[in-house]
Amino acid sequence: PNPVPVITPSGPTEFCDGDSVVLTSSAASSYLWSTNETTQTITVFTSGVYDVAVVDANGCEGVSARITVVVNDNPIPTITPDGPTEFCNGDSVTLTSSAFDSYLWSTGETTQSIVVSAAGDYSVEGTDQNACSGLSADVTITVYQNPQPEITASDTVACDGQTVTLTSSQATAYEWSSGATSQQISVTTSGLYWVEVTDANGCLGADSVEITINPVPTPLPVITPDGPTTFCDGDSVTLSVGTWDGYLWTPNGNTTQSITVDQSGLYVITVTNEFGCQADAAGVVVTVNELPEPVI
């Protein structure tokens, strides 16, 4: 009788691209596969119909039944972001894979979509209904650091009537709590002032500073003489002012609450209150007349 060879596969005859199956013929003296190979076993990587013709020890020939091998293509997942892949720290983007039976992201997550807030390269391996897997191209996420502006104040404590200058560190755009949009602003009242800046990447950062504006001495100081301010040489007058934390008379430089004056001139005092703010009193003119020199 003619031999009837049987082909035995080493595993499934339907598999994914990149895998293979070994087909083995039952024993004979010689073999001729449909692939023109002449060994007892062949390794198959591609789809097709395979059979083998054999010759036995009697020189009789036989052909096996055909066996079909199916090689399924591996999928190629695609990733779709729901927004920009370059954004500022604190923001995020959702990455969604094309549809498959299962997913394995480079982050270890296994959902179709993931939310990303950190910089890096992200990919997904998708497995289809044939259990074939494919890896997507990387999607690069860039996360920019938010700027950290710094406000420089000409002074954080000033007196009523003075102006404090606030300057922000360099940025692309500025928005102050006062509504100003310049890099530098001037303030004359107490309060908390802040600035929000935007850098070249469109990222935001903020800084604030507390400014204190103290009152000047109120009511304004008044110089009170204890007698006439016009008198004869050899006399004097005492000039006094109310109680304050500090005093400075002009032109003699005295720092007392009262001074005794015996020379002509304009006398002014600058007083300082508990906040270190100053105010000037209206000046007092003292006139010292020379004594006559009679001649007998």
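In the predicted model, P9 touches V21, V22, L23 and I67, with residues up to four places away in sequence left out of the count. P9 itself belongs to strand β1, which covers residues 7-9. The residue is partly exposed, at a relative accessible area of 30%. P9 and I67 lie 58 residues apart along the chain. Their C-alpha atoms are separated by 9.0 Å.

I67 leads to the next element, since strand β9 is made up of residues 67-72. An open sheet of three strands includes β9, in the order β2-β9-β6. The pairing in this sheet is mixed. Its edge strands are β2 (14-16) and β6 (48-50), and each of them pairs on one side only. From one strand to the next, the twist averages 25°. Strands of a sheet pair through backbone hydrogen bonds, in either a parallel or an antiparallel sense. For β2 and β9 the sense is parallel, and three bridges join the two strands. E14 has V70 of β9 as its bridge partner.

Charge pairing was examined next. Side chains of opposite charge can pair when their charged atoms come close. A search of the whole structure returns one salt bridge. R66 forms this contact with D51, and the closest N and O atoms are 3.7 Å apart. That distance falls inside the 4 Å cut-off for a salt bridge. The pair links distant parts of the chain, with the two positions 15 residues apart. R66 sits in the loop between β8 (61-63) and β9. D51 sits in the loop between β6 and β7 (52-55). The two partners fall into opposite classes of accessibility. R66 has a relative accessible area of 65% and counts as exposed because the value is over 50%. D51 has a relative accessible area of 17% and counts as buried because the value is under 20%.

D199 presents another case. Where does D199 lie in the chain? Its place is the loop between β24 (191-198) and β25 (204-214). D199 is buried, yet it has no salt bridge. The nearest side chain of opposite charge is R66, at 68 Å. A salt bridge requires a separation within 4 Å, so R66 cannot serve as a partner for D199. Which backbone nitrogen atoms, then, lie 2.9 Å from a polar atom of the D199 side chain? One belongs to N201. Another belongs to C203, also at 2.9 Å. Beyond its neighbours within four places in sequence, D199 is in contact with Q145, P147 and T172.

Antiparallel pairing appears elsewhere in the chain. Strand β13 (residues 102-105) pairs with strand β16 (residues 124-127) in the antiparallel sense. Four bridges connect these two strands. Within this pairing, Y103 has G126 of β16 as its bridge partner. β16 also pairs with strand β17 (residues 133-135), again in the antiparallel sense, over three bridges. Here E125 stands opposite L135 in β17. β16 and β17 form a hairpin with five residues between the strands. In that hairpin, A131 takes a positive phi near 70°.

Definitions and conventions
Residues numbered from 1 in each chain as written. Predicted model: local features only at pLDDT ≥ 70, side-chain atom pairs only at ≥ 80, totals over all residues. Heavy atoms only, no water. Pairing = 2+ DSSP bridges. Axes fitted to C-alpha atoms, helices over the stretch in contact; angles between N-to-C directions. Buried < 20%, exposed > 50% of the residue type's maximum accessible area, 1.4 Å probe, protein only. Lys, Arg positive; Asp, Glu negative; His and termini not counted. Polar contact = N/O pair within 3.5 Å; in protein donor to acceptor, adjacent residues only side chain to side chain. Contact = heavy atoms within 4.5 Å.
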